[in-house]
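Work through the following exercises with the sequence and the model open beside you. Each one gives a task and then a solution in steps.

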Amino acid sequence: SAYEVYAYGRIARLNADGSVDTTFDPGTGANGTVRSVAVLPDGKILIAGNFTEFDGTPRNRIARLLSNGELDTTFDPGAGANSTIYTLLPLPNGKLIIGGAFTSYDSTAREYLAQLNANGALDTNFVGPDFAATSTWRVEALAMQSDGAILLGGVFYFSGGATLRSGLCRIDNTGSLDASFNGITNGAHRAGSTGSLETVKQIEVQPDGKILIGGSFTAYNNTARVGIARLASNGALDTGFAPAPDGSVSALRLLPDQTILIGGAFTNVGAIAATRIAKLDSSGNVDTAFAAAGGHADTVLNLALQPDGNVLLCGSVASFQGSGTNRPVWRLVPGLAGAPGSIEFLTDATPYLTDAPWPANKDELIDYCIRTGAPLEVIENLQEIEEEEEEVYESILEIWPDYPTDEDYLWNEDEY
C-alpha cells in the first residue's frame, strides 16, 4: 500500500509521466484490497473490493470518492456487501451493477449480483438469477451489449439437464436470465471434465456483437480453448478463432483497430513465444513483431487503453521487455498492425537530454545523465533502448520522436 515514498491506502492517482499526483488525497484510504475502479463522467470515482472502511469511515466493499480522493458521503451503501465485490459496471442511467462473492447487500439477500441506485442504495426492483448459493461461486466480470443486455462472467453454472452451462450468462434489465442466450452447452470448464468449473475473468464485446472472454478455463463447450475464446452473440463458440496461449488470460482489451491485447500467465501463444502479453489480429493470429519486442517477467493482471492509444500494463511487480527495473505499472505503445510494442519515457526527458553531447551513443548518454544528476527513471529508460552495435544518435528526436520542438510552440498571431 505504498507507491515510492508516498503512503497510500490501496489507491493512488498517477500523473501522465507516472509520478504520484499529490493533489489526490484519500487519507488513510481503504483498509482492504481494491479490486475494481471506475471513473464516472462527473469525475467521481467508484471503488470496490474487500475493504470495510475508507479513510476511517465504514464502507463495506464499495465506496465513491470525489475527484480529489476524499470519500463522497452522499453515496451511502448502508451495510454494503457481506463479501468481496470483484467488479462493477456503471450504467448509462446513473445506476451501477456490482458482481462478486457476496450474498447480501445492505442486509437484503442478493446472490453475487446487485444493482444500485446512484446514491448507493439497493435497487430493489432488480433481482438477479438464482445461482443456487454455492459458497465458492462468484461473478468476476460484467459487460454491456449494445442493446443494453448484461453479460456476467465468473465461477458458477446453471443446470441444463445433463450439462452444466458454466461461467457465463446474459441477463435483461430486470436481472432475469435471457433465454435467447442459448449457445452455451457446457460453457467454460477444464478440458476433459465438463463438470470442473473454471473462471471467466474478462469479457469484451466486439462491435459486430461477438463476445471475447478470458480466464482460467482450458475448454469451452467441450472444445479446447485455453484462456481465451470468442463467442457468437448467442454464446456459441466461434470455432474460427483459436489463438491457443499456454496459460490463463487475466487481461483482455479490444483496441480501436479491432486487434486484441491479451495478458496473463502464458509464455507462448500457439508456436510463438509471447511472454505474458500478446497482440492478436481479428482472426486470432499473433502479431509476431509485437511479440518480438519482449514481454513481462511475471503475470499481467490488467490492461487499460488510454485516450491517446497507449496502453497501461499492470501486474505483479516485475520488469518489462528486459529492463533492469521492477515496477507494478508500465506504459507501452501498441502501434499499428505489425509494429512492435515499446516502452515510453515515464519521465519528461527534455531538461536532462537537450544539452547532451550530441551526437552520442546510448552508453555516452547514460554516462552524461549520471554525471548531471538526471532522475533514475531517465537513466533506466535509456538502458531499455534496443540498439545495434553502439548506434550513434544525432539528436533527442531519434530516441524520443514525440520530443516537442520549437515549431510545436509557434503560433500565428494573425489567426487570433
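**Exercise 1. Determine how strand 24 and strand 27 pair, and how the side chains of strand 27 are arranged.**

Step 1. Strand 24 (residues 260-264) and strand 27 are joined in the antiparallel sense over four bridges, where strands are DSSP runs (E, at least two residues) and helices are runs of H or I of at least four residues, both numbered from the N terminus. Two strands count as paired if DSSP finds at least two bridges between them.

Step 2. One of the bridges can be located by residue, since Gly 263 has Ile 277 of strand 27 as its bridge partner.

Step 3. In a regular strand the side chains alternate between the two faces of the sheet. In strand 27 (residues 277-280), Ile 277 and Lys 279 point one way, Ala 278 and Leu 280 point the other way, and all are buried, the term buried meaning under 20% relative accessible area, exposed over 50%, and partly exposed in between (1.4 Å probe, protein chains only).

Before going on, note that this is a predicted model, in which local features need pLDDT of at least 70 and side-chain atom pairs count only at pLDDT 80 or more, while totals for chains, interfaces and linings use all residues. Residues are numbered from 1 along each chain as its sequence is written, and side-chain values use heavy atoms, with hydrogens and water left out.

**Exercise 2. Describe the surroundings of Leu 261.**

Step 1. Leu 261 lies in strand 24, and because its relative accessible area is 0%, Leu 261 counts as buried.

Step 2. Leu 261 and Lys 279 are 18 residues apart along the chain, yet their C-alpha atoms are separated by 4.6 Å.

Step 3. Leaving aside residues up to four places away in sequence, the residues that Leu 261 touches include Ala 251, Leu 252, Phe 290, Leu 303 and Val 311, a contact meaning heavy atoms within 4.5 Å.

**Exercise 3. Is His 189 buried or exposed, and which residues does His 189 touch?**

Step 1. His 189 is placed in strand 16 (residues 188-190).

Step 2. With a relative accessible area of 0%, His 189 is buried.

Step 3. Not counting residues up to four places away in sequence, His 189 touches Ser 166, Thr 194, Ser 196 and Glu 198, and also Phe 217, Thr 218, Ala 219, Tyr 220, Asn 221 and Asn 222.

**Exercise 4. Lay out the open sheet that contains strand 29, and identify its edge strands.**

Step 1. Three strands make up this open sheet in the order 28-29-30, with antiparallel pairing.

Step 2. Strand 28 (300-305) and strand 30 each have a single partner strand and stand at the edges, so one side of each is left without a neighbour in the sheet.

Step 3. From one strand to the next the twist averages 25°, with axes taken as lines fitted to C-alpha atoms (for helices over the stretch in contact) and angles running from 0 to 180 degrees between N-to-C directions.

Step 4. Strand 28 and strand 29 run antiparallel and are joined by five bridges; in strand 29, Gly 315 is the bridge partner of Val 300.

**Exercise 5. Classify the ring pairs of Phe 156 with Phe 158 and of Phe 320 with Trp 330.**

Step 1. Rings of Phe, Tyr and Trp (its six-membered ring) pair if their centres lie within 6.5 Å, with planes under 30 degrees apart counted as stacked, over 60 as edge-to-face and the rest as tilted. By this rule the count comes to six aromatic pairs.

Step 2. Phe 156 and Phe 158 have ring centres 5.7 Å apart and planes at 65°, so the pair is edge-to-face. Phe 156 is buried at a relative accessible area of 1%, and Phe 158 counts as buried at 10% relative accessibility.

Step 3. For Phe 320 and Trp 330 the ring centres are 5.9 Å apart and the planes stand at 45°, so the pair is tilted. The pair links distant parts of the chain, with Phe 320 in the loop between strand 29 (311-318) and strand 30 (327-332) and Trp 330 in strand 30, 10 residues apart.

Step 4. Tyr 112 and Phe 131 join Phe 156 and Phe 158 in one aromatic cluster.
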